[in-house]
Amino acid sequence: MNLETGNPTLRFGHRIAAASTAIAVAAMMALPAAAPAQEQGGTFIKAIENEPATLDYLFGKDFGALTVSTNIYNTLMQLDYDFQPHPELAESWEISDDGLVYTFQMRQDIQWHDGTPFTAHDVEFSFREMTCQSHNRAKTWCPRVESFSTDGDHTFIITMKEPFAPLLTILSDYNSGTLVRPKHVFEGAVDKDNPQLLAPVVGTGPFKFSKWVQGSHIELVRNENYFKEGLPYLDRVVIQFLPDEAGRLAALESGDIDMLHSYILPYERVKQFQSDPRFQIIEHGNEATGTNENLLMNHDNEYLQHKAVRQAIAHALNKHDIAEAAMFGASKAAHAHIHSGVKWVYFPEYDHPYDPDMANAMLDEAGFPRDEDGNRFSLRLYWAFGRAFEGRAAEVVRSNLRDVGINVEIQSYDRPSFIENVFTKRDFDMAHQLFTTSPDPTLSVVHRYKSTNVGMAFANAAGWVNEDYDHLTDIEVSITDVAERAAVWKQIQEILMDELPGYPLFGMPNMQLVRSGFEDVITGPIGYNGMLDMAYQVQ
């Protein structure tokens, strides 16, 4: 270790039961190959907004760690732009007639970075002992698994307790914690203090860990034994920590970094960058994340514990103005807890329209009249450094709520402190937080508000308990007919918008800013954290 200081998988009209016995999904489904005649070499530098606490996303608390992990480890499959799975570590798979048994055949030409052969036993151990024990999304699907098993060194089997519509999508989505890790490294040492989580030197991915210069950057180098022949093209990937927006822009302008991802892109300058030949705006790559900015509300607060107050706040917010101020016209207001791009399960009809008069009346009726100065009560609003758009949104929220007699004190924190205050300690009133909503809502929405997930990172900061929500999210995943499943999700979203453990404000635009001279930086729908194995520098 070198540590230096300084959509559902089942598409419309398809069902698991329609699969014939042992439907084989073979390697001929491979993703389109990179353009020919690319040359190896070059360094690509990605900026992220905060230094990660670890280099592994196993515990699901740090997206900076995810940026690193996705280039060190692989998933069994990967999604294309239609959210269909294609081979990765698994070269083929079969689904039994009853939809309960999934049998995966592993590639036999893969080695871990230390030269140890990769086997199905690594997958079994990784899912059973790591993902299902430690990842914050594991509760969404692991309890539905009857068993993980192997049949020899190259066959991995998942047996489900009941049909489970999103399973293949889960296995293809690294956000779900399904990056495969080495058994020989982690067996008997799966905990957050394992040094391998600080320096994951053993993966199967296109790049190997080289060094972590604390306070500056993480360096990854080319895996010369990568199982995808000829890849990766790049020699190095550097993850640069730049929490200050002005510093990121200066680094980009000077050529010190090569990419700003969608969450930290300076949207006020998009048109300028589009006309500047030194840069390219890539308008794809976030299809499978479908991210909304949300206003979280702590139901333990003496005022926010009242549903009428939460709904009044929703009516008091001009989401059009919030989106305009935050994103400079690049985004639109969000009207559901699912991003508008996930059309099969998008139901905007339960939103609370902007109506300050109604908000005032609801607050009066709830028993919180204005005092002689026109004030009702005060609330704290938190946001995390690194995403300036959240700070801009917070200012509009404060202005809107001042109009209905609610005083708002804005406080900003570094990302680790924000996570601790909002999700662990739950010492907050309101908070800005981005949440993904796709490629399948089971993966990215359900756990956010489960009553069992209070105190977990990025989950149920509201402390909200709703038996109907828990029940409906338990049953929806066994429904393999898309229309029937969507009908249940319509009920779920009606409950969320009525109870408001959080309130969706605006959707994140699908844009990445990359320096000209690099190609194939974004090659899939999972987003800016995706693997860089096909990226290359134009010679």
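Begin with the charged side chains of this predicted model: if you colour the 42 positive and 75 negative charges of the chain separately, you are looking at two sets whose mean positions are 2 Å apart.

Next, select the whole chain and show it as a cartoon, where 14 helices and 21 strands can be picked out. The radius of gyration is 23 Å, close to the 24 Å that the globule rule gives for 539 residues, so the chain is as compact as a globular protein of that length. If you turn the C-alpha trace along its principal axes, the spans to look for are about 75 × 55 × 40 Å.

Now switch on the surface, which comes to about 19,700 Å² of accessible area, with 48% of this belonging to carbon and sulfur atoms. Beneath that surface, buried residues account for 61% of the 539 residues in the chain.

From here, go to a single residue by selecting helix H12, which covers residues 441-444 and contains Thr-442. Is Thr-442 buried or exposed? Its relative accessibility is 1%, and because buried means under 20%, Thr-442 counts as buried.

Keep Thr-442 selected and display the side chain of Arg-485 as sticks, since the two side chains make a polar contact at 2.8 Å. Then extend the selection to the other residues that Thr-442 touches, leaving aside those up to four places away in sequence: besides Arg-485, these are Thr-140, Phe-164, Pro-166, Glu-476, Val-477 and Trp-489.

Note on methods: Residues numbered from 1 in each chain as written. Predicted model: local features only at pLDDT ≥ 70, side-chain atom pairs only at ≥ 80, totals over all residues. Heavy atoms only, no water. Helix = DSSP H or I, 4+ residues; strand = E, 2+ residues; numbered from the N terminus. Rg over C-alpha atoms; globule rule 2.2 N^0.38 Å. Buried < 20%, exposed > 50% of the residue type's maximum accessible area, 1.4 Å probe, protein only. Areas by Shrake-Rupley, 256 points an atom, 1.4 Å probe, with all protein chains shown as cover. Lys, Arg positive; Asp, Glu negative; His and termini not counted. Charge placed at Lys NZ, Arg CZ, Asp CG, Glu CD. Polar contact = N/O pair within 3.5 Å; in protein donor to acceptor, adjacent residues only side chain to side chain. Contact = heavy atoms within 4.5 Å.
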